[in-house]
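Q: Hi! Could you walk me through this model? I'd like the overall picture and then some of the details.

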Amino acid sequence: MKFFVDTADVSEISDLNDTGLLDGVTTNPSLIMKSGRDIMEVTREICAIVDGPVSAEVTAIDFDGMLKEAAVLAKIADNICIKLPLTMDGLKACKHLTSDGHKTNVTLCFSANQALLAAKAGATFISPFIGRLDDINIEGMDLIAEIRTIYDNYDFKTEILAASIRTANHVKQAALYGADVATIPPATLRSLVKHPLTDKGLEAFLADWQKTGQKIV
Ligand code: G3P
């Protein structure tokens with residue numbers, strides 16, 4: 001499973017990239033707003049840090065406007081992935097951009113039928129929003145399972161990018177259900193390493209090691 005980080009915070013991205021665990025980055029207009037940075041400037045910095053795909057989202061809602069914005073975003077770097085909303089215009093733009101050789105991420109997916117359309121439009125990634133479905137009492141993970149089955153039935157190459165991940169359990173479940181990628185907020189990504197028994201065990205090993213008076217040299 002690939003790990004993307006869901007943020008436009010450059011220092012978090014740089015830090016996590018240094019761990020060697022990062023395969024890409026996703027941003028959206030809300031994350032750009034949260035960063036307080038200029039979209040072009042911050043996206044350029046992110047693309048220089050990470051080798052993998054960096055999703056940058058268009059904000060136009062019509063086909064022509066989306067293509068214009070996509071052309072601007074694509075110029076930032078070779079690893080830009082154009083993020084498009086799951087609307088008819090977004091799907092049309094997706095088809096056009098993928099045929100032109102661009103990487104695309106179709107976002108705001110809340111149903112299996114929407115994911116089927118995105119795959120038919122040739123999307124590189126489909127982003128089903130787990131947490132936002134859970135928020136309205138619909139099991140977000142069921143959507144991952146449905147999309148996995150449909151994509152496997154027809155051998156669609158579109159990668160399932162589990163988004164709106166809020167917890168470590170979401171990451172585990174998305175992996176169990178066969179999502180290709182999880183885009184994870186920085187704090188949740190860091191939390192995956194934590195286990196109280198690891199901390200306790202390490203403490204005990206170090207205490208016993210002290211008692212031996214030895215050093216590994
Ligand atoms: O990148 C889009 C998605 O991950 C947003 O998550 O927590 O705002 O629903 P959230």
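A: Happy to; we'll go from the whole chain to a few strands and then to some single residues.

Q: Great. What kind of model is it, and how many helices and strands does the protein have?
A: It's a predicted model, and the protein has 11 helices and 8 strands.

Q: What box do the C-alpha atoms fill?
A: Roughly 70 × 40 × 30 Å, taken along the principal axes.

Q: And how much of the protein counts as buried?
A: Of its 217 residues, 45% count as buried. The protein exposes about 11600 Å², with carbon and sulfur atoms supplying 55% of that area.

Q: What share of the contacts comes from residues 24 or more positions apart?
A: Counting contacts with a separation of 6 or more, such residues account for 57%.

Q: Let's move inside. Which residues touch the most other members in the largest nonpolar core?
A: That core has 58 residues, and the ones touching the most other members are I46, I82, L84, V106, I126 and I147.

Q: Take I147 then. What is it in contact with, leaving aside neighbours within four places in sequence?
A: I147 is in contact with C109, A112, A115, I126, P128 and I160. There's also a second, separate core of 5 residues, which includes F4, F125, L161 and V181.

Q: I126 and F125 sit side by side in sequence. Which way do the residues of β6 point?
A: Strand β6 covers residues 125-128, with F125 and S127 pointing one way and I126 and P128 the other way. All four are buried. In a regular strand, side chains alternate between the two faces of the sheet.

Q: Nice. How does β6 pair with β5?
A: In the parallel sense, over 3 bridges. I126 in β6 is the bridge partner of V106.

Q: What links them into a unit, and of which hand?
A: Helix α6, residues 112-120, joins β5 and β6 in a β-α-β unit, and that unit is right-handed.

Q: And on to β7: how many bridges join it to β6?
A: Strand β7, residues 159-162, is joined to β6 by 2 bridges, and the two run parallel. For F125, the bridge partner in β7 is E159.

Q: Back to β5 for a second. Where is N105, and is it buried or exposed?
A: N105 is found in β5, which spans residues 103-109. N105 counts as buried because its relative accessible area is 0%, and the cut-off for buried is under 20%.

Q: A buried Asn, then. What does its side chain make a polar contact with?
A: The side chain of S55, at 3.1 Å.

Q: What else is N105 in contact with?
A: Leaving aside neighbours within four places in sequence, its contacts include T26, C81, I82, K83 and L84, along with F125, I126 and S127 from β6. L161 and S55 are in contact with N105 too.

Q: Changing topic: which residues other than glycine have a positive phi?
A: Two to look at are D155, with a phi of about 55°, and S164, whose phi is near 55°.

Q: Where do they lie?
A: D155 lies in the loop between α8 (140-154) and β7. S164 lies in the loop between β7 and α9 (168-176).

Q: Buried or exposed, for each of them?
A: D155 counts as exposed, at 53% relative accessibility, whereas S164 is buried, with a relative accessible area of 9%.

Notes:
Residues are numbered from 1 along each chain as its sequence is written. This is a predicted model: local features need pLDDT of at least 70, side-chain atom pairs count only at pLDDT 80 or more; totals for chains, interfaces and linings use all residues. Side-chain values use heavy atoms; hydrogens and water are left out. Buried means under 20% relative accessible area, exposed over 50%, partly exposed in between (1.4 Å probe, protein chains only). A polar contact is a pair of N or O atoms within 3.5 Å; within protein, one must be able to donate a hydrogen and the other to accept it, and residues adjacent in sequence count only if both atoms are side-chain atoms. Contact means heavy atoms within 4.5 Å. A nonpolar core is a set of buried Ala, Val, Leu, Ile, Met, Phe, Trp, Tyr and Cys residues joined through side-chain atoms within 4.5 Å. Two strands pair if DSSP finds at least two bridges between them. A crossover is right-handed if, with the strands pointing away from the viewer, the path from the first strand over the helix to the second runs clockwise. Accessible areas come from the Shrake-Rupley method with a 1.4 Å probe; for residues, only the protein chains shown count as cover.
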